[in-house]
Amino acid sequence: MDKFLVLFITFSSSAALAAEKAGMPQLNPESWIPQIFWLALTFSVLYLVIAKIALPRLSESIEQRDDHISDHIDEAKNLKNQAEKKYQEYLSLIENAKKEAKDLINENKKKLQEEFENKKKELNTKLEVKLEEVDKEIQSFKKEAIQNIGSISSEVARELVQKISKIEANKASVNAIVEEVSKNYLKELN
Amino acid sequence: MATNPMTQFEVYSIGPKIQIGNIDISFTNSSLFMVITVALISIFFILSTQKKSLIPGKMQLLAEMIYEFVAKMISDTAGKDARPYFPFILSLFLFVLVANMVGMIPYSFTVTSHIIVTFALAFFIFIGVTIIGFIKHGISYLKLFVPSGVPAVLLPLIVVIEIISYLSRPISLSVRLFANMMAGHTMLKVFGGFVVSLGILGGWLPLGFSVALTGLEILVAFLQAYVFAILTCIYLNDALHLHH
C-alpha cells in the first residue's frame, strides 16, 4: 500500500510538473504542501468556530423561539378549552335555571290550587255553620215572635177591651183567652 | 497586468519563509485567502448570533436561514443520523461558498480553483465517510459494492464497477469544483483581456459578455458549493444507511 502510494504520488507529481510547464499553476507540486497545511489549519479553525460558537448559539435561539411559539400555542389551546368549558357550564346553568323555574312554577301552581281548594272548603264549612246559625236564629226568632205575638196580642186585646168597654180587664183572663184564640188560630194555620 | 489568463492561479509566498523540518509551509496568497474566508465566516457568525433575540435582526435572520438551509439539506439527503456531522457539513458548505464568492472579487485569489485544495477536502470526506461506514456496519459495509437484485452472471462486473465508482468519488467531487472554478475564472480573464485589446471601439461586446459571465459565475459559485455539500451528504447517507 505504501509503495503504491509513493508510486502514485511520484507519478502524479511528475505528470503535474509537466502540465505546470504547459501553463497550469494548479499542477505545481511545490505549492501543494503549504496549501494543504493552511487548508487544514484554517478549516480546523472554521470548524471549531462553527461547532463551538455559531451552532450552539443558533440552535439555542431557534429552540428558544420555537419554545416561545409552542408555549403560546399551548396557552391558546388551553384558553380555548377553558372557554369551551365555561360555555358548557353556562349552557348547563341556563338549562338548570330553566328547569328550576319550571319546577317552581309547577309547585306554586299546585300550592295555589291546594290553597284555593282549602280556602274554598273552609269557606264552605264556615258558610254552612253560619247558615245553620242563621237558621237557628230564624227559628228562635219565629218561636220568640210567636210567643211575643201571644203577649202582644193579649196586651192589645186588653187595651182594646179597656178602650171599648171601659172595663179594667183582668190580665190573667185576657191572657188565657188570647192564648186559646191564638192556639186555635195556629191550629188552623198549621 | 499579465495577459496570460492562467497567472491569476499562481501561488506565491508572501511574508517570511516558514519551514518545519524539510517541509515548506510558507504563508502564500492562497493561505491569505483561506484566512480571509474563514475570518469572514467566523466574524459573521459570531456577530450575528451574539444577541440571540427572539425576533431576529437582519444578520441573525441570515445566519438562521443558512443554518436551516443546511439542516434541511442534511435531513433530506442523509436523515436524522447525520446530525452529528452537521457542523462539518455546514463548515464545508460555508468554506466552499465563501471561498468561491471571495474569488469573484477582481484581483483576488480563488482558493477552490486549486485541485489540491478541493482534492484535499474531497479526500478527507472520502476517508471519513469510509471510516464511518466501517464503524457503523463493520465488514458488511462492503455490501455497498454488491447491489441486490443483480443477476449472478453480472455480479463480478457490477462489483468492479461499483468499487471503481466508489474510489473515484474523491476525484469526481474535487475535479467538479476545481474545474468549474478554474474554467469560469479563466473565461472571465480571457473576456476581460479582449475588452482591453479591442479598445473603446470593439471592447463593448466582450464587456457585455464579461458582465453576463460574472452573473453566471456567481450562480456557479453558489451551485458548486451546494453540489459539493449535498454530494458529501449523499456519501454520508450511503455510509450511515446501507441501501443495497
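In which crossing, left-handed or right-handed, does α2(B) pass α3(B)? In this predicted model, α2(B) goes past α3(B) in a right-handed crossing. The two elements involved are helix α2 (residues 58-77) of chain B and helix α3 (residues 86-103) of chain B, and they pack at an angle of about 115 degrees. Their axes sit 10 Å apart. On the α2(B) side, the contact is made by B:Ile66, B:Tyr67, B:Phe69, B:Val70, B:Ala71, B:Met73 and B:Ile74. On the α3(B) side, B:Phe86, B:Ile89, B:Leu90, B:Phe93 and B:Leu94 make the contact. What kinds of residues does this contact hold, by nonpolar, polar and charged? The split is 12 nonpolar, no polar and no charged.

Stepping back to the whole of chain B, the secondary structure adds up to seven helices and two strands. Starting at the N terminus, the order is β-β-α-α-α-α-α-α-α, with the two helices of the crossing described above being α2 and α3 of chain B. Taken along the principal axes, the C-alpha atoms of chain B fill a box of roughly 65 × 55 × 45 Å. Chain B has 244 residues, and 44% of them are buried. As for contacts with a separation of 6 or more, 68% of those in chain B come from residues 24 or more positions apart. The surface that chain B exposes is about 12,400 Å², and carbon and sulfur atoms supply 75% of that area.

A few single residues of chain B help fill in the picture. B:Ser75 belongs to helix α2 of chain B, the helix that packs against α3(B) at about 115 degrees. B:Ser75 has a relative accessibility of 40%, so this serine counts as partly exposed. Between B:Ser75 and B:Pro106 there are 36 Å in space, C-alpha to C-alpha, for a separation of 31 residues in sequence.

B:Tyr107 is found in the loop between α3 and α4 (115-137) of chain B. Is B:Tyr107 buried or exposed? With a relative accessible area of 72%, B:Tyr107 is exposed, because the cut-off for that class is over 50%. The backbone is worth a look here too. Most residues other than glycine have a negative phi. The phi of B:Tyr107, however, is near 70 degrees, which is a positive value in a residue other than glycine.

Further along, B:Arg169 sits in helix α6 (residues 169-202) of chain B. Why does B:Arg169 count as buried? Its relative accessibility is 13%, and buried means under 20%, so B:Arg169 falls in that class. Setting aside neighbours within four places in sequence, B:Arg169 touches B:Phe126, B:Tyr235 and B:Asp238. B:Thr7 is 162 residues from B:Arg169 along the chain, and the C-alpha atoms of the two are separated by 29 Å.

B:Leu205 gives a second exposed example. This leucine lies in helix α7 (residues 204-240) of chain B. Its relative accessible area is 62%, so B:Leu205 is exposed. From B:Leu205 to B:Phe194 the count is 11 residues in sequence, and the C-alpha atoms are 9.1 Å apart in space.

Chain A is built from three helices and zero strands, which read α-α-α along the sequence. Chain A runs to 190 residues, and 16% of them count as buried. Its accessible surface comes to about 15,800 Å², with 61% belonging to carbon and sulfur atoms.

How confident is the prediction for chain A? The mean pLDDT of chain A is 84, and 87% of its residues reach 70 or more. Where in chain A is confidence lowest, and where highest? It is lowest in helix α1 (residues 2-21) of chain A, at a mean of 58, and highest in helix α2 (residues 32-165) of chain A, at 90. Where pLDDT is low, the predicted coordinates should not be read in detail.

Methods:
Residues are numbered from 1 along each chain as its sequence is written. Chains are lettered from A and ligands numbered from 1 in the order in which they are written. This is a predicted model: local features need pLDDT of at least 70, side-chain atom pairs count only at pLDDT 80 or more; totals for chains, interfaces and linings use all residues. Side-chain values use heavy atoms; hydrogens and water are left out. pLDDT is the predictor's confidence in each residue, from 0 to 100. Helices (H or I, at least four residues) and strands (E, at least two) are DSSP runs, numbered from the N terminus. Axes are lines fitted to C-alpha atoms, for helices over the stretch in contact, and angles run from 0 to 180 degrees between N-to-C directions. A crossing is left-handed if the near helix is turned anticlockwise from the far one by less than a right angle, and right-handed if clockwise. Contact means heavy atoms within 4.5 Å. Ala, Val, Leu, Ile, Met, Phe, Trp, Tyr, Cys and Pro count as nonpolar, Asp, Glu, Lys and Arg as charged, and the others, Gly among them, as polar. Buried means under 20% relative accessible area, exposed over 50%, partly exposed in between (1.4 Å probe, protein chains only). Accessible areas come from the Shrake-Rupley method with a 1.4 Å probe; for residues, only the protein chains shown count as cover.
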